[in-house]
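Colleague: I am new to this structure, and I would be grateful for a careful walk through it, with one point taken at a time.

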Amino acid sequence: MYTFAMLCHSDTNLRLCDLFENEAWNFNKLYTQLPSFYQDCICSITIDSDVDDKLIWSGSPNGIYSASHGYRWLDQNLNQQTVPNTTWSWIWRLQITENWQHFCWLVMHGSLPTNSFRASRHLTSNTYCHRCGAAVESDLHTLRDCPRAMSIWKYVYPTIPNNFYMLDCQLWFKHHATMEAGTKFIVTCFEIWRNRNEHIFQNTQKDTWNSVNNIISYHASMVYNLGTTSKHHVVRQVRWNLPPEGYIKINVDGSSFGNPGNAGFGGVLRNDMGLWIQGFYGSCGRASNLLAELSAIWKGKDFNSHGTLGINLSSWNLTLGQI
Ligand SMILES: [Zn+2]
């Protein structure tokens with residue numbers, strides 16, 4: 001426990017050496033009536049006149065202040081009563097880069113600078129979400145509950161876990177960040193947060209498909225570069241890319257049961273925004289995989305490019321150059 005004595009204003013300009021004369025303390029120079037308990041405490045301090053004055057930090061063994069000793073002192077003396085005994089080391093053990101670890105730390109401390117957070121510190125008077133108009137833009141709203149975020153989550157998790165929209169922010173974040181697929185979860189949160197910032201500060205709106213592509217790309221490079229998988233496991237980034245502006249892209253595939261066997265094919269057409277235009281499928285009777293693939297390409301080329309600059313046709317397993 002720490003007790004502080006209030007000094008009279010006229011005493012605040014005094015230095016310790018003003019009270020230490022002839023190898024002894026002289027409290028008569030003080031206007032403040034110092035209680036005898038404090039006088040005894042001060043008198044018990046041995047002063048070595050041969051040592052020059054210097055600053056001493058009592059929180060470290062050598063008397064020298066450092067940030068880590070200051071943090072430890074605060075942790076032991078001030079924060080014990082207000083902050084629950086939570087360990088944060090799991091954040092620093094995550095196999096992600098430091099800036100994403102710092103992002104996790106902000107989320108777990110409720111310090112993501114959302115409008116709700118900023119309003120609580122009188123940095124803004126608006127708590128609403130710029131993207132959907134919700135009254136309060138909390139960290140949970142930004143990362144999970146905002147419609148813009150939900151449109152991304154449904155692509156990242158085609159089957160949303162049952163409790164995904166039930167937990168509070170810190171429980172929700174830690175639960176999913178520490179799961180086996182935690183890196184993808186963190187990458188998604190980070191992408192959603194970046195989308196939010198780009199919307200506010202650059203007035204740009206990234207469409208969902210671009211965000212999902214970024215998540216796939218960042219996740220693949222993170223896993224590959226930081227080795228969250230075995231050394232023998234080769235990570236290959238697989239993603240669908242938008243066709244050039246004004247073009248449509250047709251993706252087709254075909255296969256057979258038995259090769260040869262009952263065979264079929266199908267395809268989808270999407271525009272330069274990644275939006276679905278049309279789909280098709282068909283049967284080619286008893287055929288080989290190769291014939292099924294060729295049938296898919298043959299059918300795909302029947303779609304003319306009316307209203308577009310051209311068609312970008314690709315098969316999942318086959319290119320014309322292989323034939
Ligand atoms: Zn919103």
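**Helices, cores and single residues**

Colleague: Is the crossing of α8 and α10 left-handed or right-handed?
Modeller: Helices are DSSP runs of H or I with at least four residues, strands are runs of E with at least two, and both are numbered from the N terminus. A crossing is called left-handed if the near helix is turned anticlockwise from the far one by less than a right angle, and right-handed if it is turned clockwise. For α8 and α10 the crossing is right-handed.

Colleague: What pLDDT do local features need in this model?
Modeller: Residues are numbered from 1 along each chain as its sequence is written. This is a predicted model, in which totals for chains, interfaces and linings use all residues and side-chain atom pairs count only at pLDDT 80 or more, while local features need a pLDDT of at least 70.

Colleague: Do α8 and α10 count as roughly parallel or roughly antiparallel?
Modeller: Axes are lines fitted to C-alpha atoms, for helices over the stretch in contact, and angles between N-to-C directions run from 0 to 180 degrees. Angles under 35 degrees count as roughly parallel, over 145 as roughly antiparallel, 65 to 115 as roughly perpendicular and the rest as oblique. The axes of α8 and α10 come within 10 Å and cross at roughly 150°. Relative to α10, that makes α8 roughly antiparallel.

Colleague: How many charged residues does the contact of α8 with α10 have?
Modeller: From α8 come R148, A149, I152 and V156, which meet K184, T188, I192 and N195 in α10, where contact requires C-beta atoms, placed from the backbone, to lie within 7 Å. Ala, Val, Leu, Ile, Met, Phe, Trp, Tyr, Cys and Pro count as nonpolar, Asp, Glu, Lys and Arg as charged, and the others, Gly among them, as polar. By class, this contact has four nonpolar and two polar residues, and its charged residues number two.

Colleague: At what angle do helix α5 and helix α9 pack?
Modeller: In this pair, C104, V107 and M108 of α5 meet C169, Q170, F173, K174 and A177 of α9. The residues of this contact divide into six nonpolar, one polar and one charged. Helix α5 (residues 98-108) and helix α9 (residues 169-177) have their axes 9 Å apart and pack at an angle of about 145°.

Colleague: Which helix gives the most to the largest nonpolar core?
Modeller: A nonpolar core is a set of buried Ala, Val, Leu, Ile, Met, Phe, Trp, Tyr and Cys residues joined through C-beta atoms within 7 Å. This one has 25 residues, of which L143, I186, V187, C189 and I192 touch the most other members. At least two residues each are supplied by α5, α7 (139-145), α8 (147-156), α9, α10 (182-201) and α11 (208-226). With seven residues, the helix that gives the most is α10.

Colleague: How many residues does the other core have?
Modeller: Leaving out residues up to four places away in sequence, L143 touches A149, C189, I192 and W193. Apart from the largest core lies another, with I248, L269, A296 and I297 among its members, and its residues number eleven.

Colleague: Is G300 buried or exposed?
Modeller: G300 lies in helix α12 (residues 289-300), and its C-alpha is 7.0 Å from that of G267, although the two are 33 residues apart in sequence. A residue is buried if 20 or more other C-beta atoms, placed from the backbone, lie within 10 Å of its own, exposed if 12 or fewer do, and partly exposed in between. Because 21 other C-beta atoms lie within 10 Å, G300 is buried.

Colleague: What is the phi of H122?
Modeller: H122 lies in the loop between α6 (115-120) and α7, and it counts as exposed because it has 7 C-beta neighbours inside 10 Å. Although H122 is not a glycine, its phi is positive, at about 60°.

Colleague: Which residues does C132 touch, not counting residues up to four places away in sequence?
Modeller: C132 is placed in the loop between α6 and α7, and it counts as partly exposed because it has 14 C-beta neighbours inside 10 Å. Its C-alpha atom is separated by 7.0 Å from that of P147, 15 residues apart along the chain. With residues up to four places away left out, C132 touches C146, P147 and R148.

Definitions and conventions:
Contact = placed C-beta atoms within 7 Å.
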